[in-house]
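Please explain how this protein surrounds its ligands and its metal ions, taking one site after another.

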Amino acid sequence: LRLESDLRGALTRGELELHYQPQVDLDSGEIVGFESLLRWFHPELGMVSPVKFIPIAEESRLILPIGVWVLEEACRQNKAWQDAGMPPKVMAVNLSAVQFHGVDVVAMVKNALDMSGLAARYLELEITESVIVEDPERVIQLMQALKAIGVSLSIDDFGTGYSSLSYLKRFPIDKIKIDRAFVRDLERNSNDAAIVRMVIGIASELEHKVIAEGVETVEQLEFLKRHNCNEYQGFYCSPAVPAERIPELVAARQ
Ligand code: G
Ligand code: G
Ligand code: MN
Ligand code: NA
């Protein structure tokens with residue numbers, strides 16, 4: 001309750017900030033994109049994890065104004081990097097089910113692109129399986145409308161929710177994100193290794209890109225390369241960092 005009432009003013013008090021985690025192409029080793037990850041710097045509690053406050057934001061629907069801010073800020077930042085001469089990268093933004101079903105998500109995305117001047121191809125929207133199960137027919141229409149704008153779509157936390165392989169075929173998805181739960185013990189757990197190989201295989205057959213999350217070791221990296229995963233994200237490259245750290249990370253890997 002305390003967190004909810006504090007979160008209510010967090011946006012206007014400037015306590016929310018976006019950090020950015022690089023996404024790396026496994027062939028070239030170049031940074032090709034970022035995932036924007038929300039951080040809350042609470043005046044007394046310090047940094048509160050999104051794992052704690054996103055569920056509160058969703059339940060209270062505060063995620064609606066917060067989500068608009070996140071999208072606009074992520075687009076603004078990506079355009080600012082491009083204007084400063086950084087090679088163009090894709091910005092991935094998390095959308096929660098509440099946003100997908102609670103507002104005109106298409107208008108929200110159009111508006112964020114218009115306001116920032118960012119080209120649509122440099123924006124990717126991450127949705128989870130929970131978005132899809134709620135009202136699949138409606139979600140397909142919304143996803144098609146978003147694709148028509150020119151943004152790309154990825155499925156986050158793949159394999160952890162109510163996964164049905166059928167939606168991979170039915171939904172206009174560009175990319176699958178393999179959850180880090182399957183990457184963590186890749187080298188020791190043959191079941192995890194089999195699942196990761198399977199997801200990469202399905203993605204490739206369906207012509208979706210595939211990115212592995214939570215990559216921390218060179219062994220995980222080599223496994224993913226060997227099995228033709230496209231991209232990775234994880235501490236092996238970098239955790240999510242404040243915007244000002246990104247240009248140096250990009251330059252070091254060009
Ligand atoms: O980086 P990390 O621990 O910080 O993120 C924890 C979780 O919080 C992630 O799984 C991510 O999906 C979620 N999250 C982070 N930022 C956002 C955001 O801007 N919007 C939504 N809906 N979820 C987010
Ligand atoms: O959107 P999503 O839930 O996937 O957000 C990614 C989460 O995973 C964030 O909380 C982020 O901080 C965390 N994370 C990113 N890379 C790594 C990693 O290499 N190892 C671990 N343990 N966590 C990571
Ligand atoms: Mn995500
Ligand atoms: Na995830």
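How many nonpolar, polar and charged residues does the shell around ligand 1 have? In this predicted model, that shell has six nonpolar residues, with two polar and two charged ones beside them. The residues around ligand 1 are Leu37, Leu38, Arg39, Pro50, Val51, Ile54, Val70, Asn94, Ser96 and Asp156. Two polar contacts can be singled out. A nitrogen atom of ligand 1 lies 3.0 Å from a backbone N or O atom of leucine 38, and an oxygen atom of ligand 1 is 2.7 Å from a side-chain N or O atom of arginine 39. Taken alone, ligand 1 exposes 500 Å², of which the protein buries 77%. The space that ligand 1 takes is the largest pocket. Strand β2 and helix α2 (50–59) are the elements that give two or more residues to the shell around this ligand.

The second ligand can be read in the same order. The space taken by ligand 2 is likewise described as the largest pocket. Ligand 2 is surrounded by 14 residues, the closest being Gln21, Arg180, Glu213, Glu216 and Phe235. By class, the shell around ligand 2 has seven charged, four polar and three nonpolar residues. Strands β2 (31–42) and β6 (152–158) are the elements that give two or more residues to the shell, and β2 gives the most, with three residues.

Three side chains make polar contacts with oxygen atoms of ligand 2. For glutamate 35, a polar side-chain atom lies 3.0 Å from an oxygen atom of the ligand. For aspartate 156, the distance from a side-chain N or O atom to a ligand oxygen atom is 3.0 Å, and for arginine 180 the corresponding distance is 2.9 Å. Taken alone, ligand 2 exposes 520 Å², and the protein buries 76% of that area.

Glutamate 35 and aspartate 156 also lead to the metal ions. The manganese ion (ligand 3) is coordinated by Glu35 (OE), Asn94 (OD1), Glu126 (OE) and Asp156 (OD), at 2.1 to 2.5 Å. Along the chain, the donors of this ion follow the spacing E-x58-N-x31-E-x29-D. Aspartate 156 bridges the manganese ion and the sodium ion (ligand 4), which lie 4.6 Å apart. Because glutamate 35 lies in strand β2 and aspartate 156 in strand β6, the pair ties together parts that are 121 residues apart in sequence.

Two of the manganese donors recur around the organic site described at the start: Asn94 and Asp156 are among the residues that surround ligand 1.

Key: Residues numbered from 1 in each chain as written. Chains lettered and ligands numbered in written order. Predicted model: local features only at pLDDT ≥ 70, side-chain atom pairs only at ≥ 80, totals over all residues. Heavy atoms only, no water. Near = heavy atom within 4 Å. Polar contact = N/O pair within 3.5 Å; in protein donor to acceptor, adjacent residues only side chain to side chain. Areas by Shrake-Rupley, 256 points an atom, 1.4 Å probe, with all protein chains shown as cover. 1 Å grid on protein atoms, 1.4 Å probe; cavity = no way out; pocket = protein on both sides within 12 Å on 5 of 7 lines; lining within 4 Å. Sits in = over half its atoms within 2 Å of the grid points. Helix = DSSP H or I, 4+ residues; strand = E, 2+ residues; numbered from the N terminus. Nonpolar A, V, L, I, M, F, W, Y, C, P; charged D, E, K, R; others polar. Donors = N, O, S within 2.8 Å, 3.2 Å for Na, K, Ca; no water.
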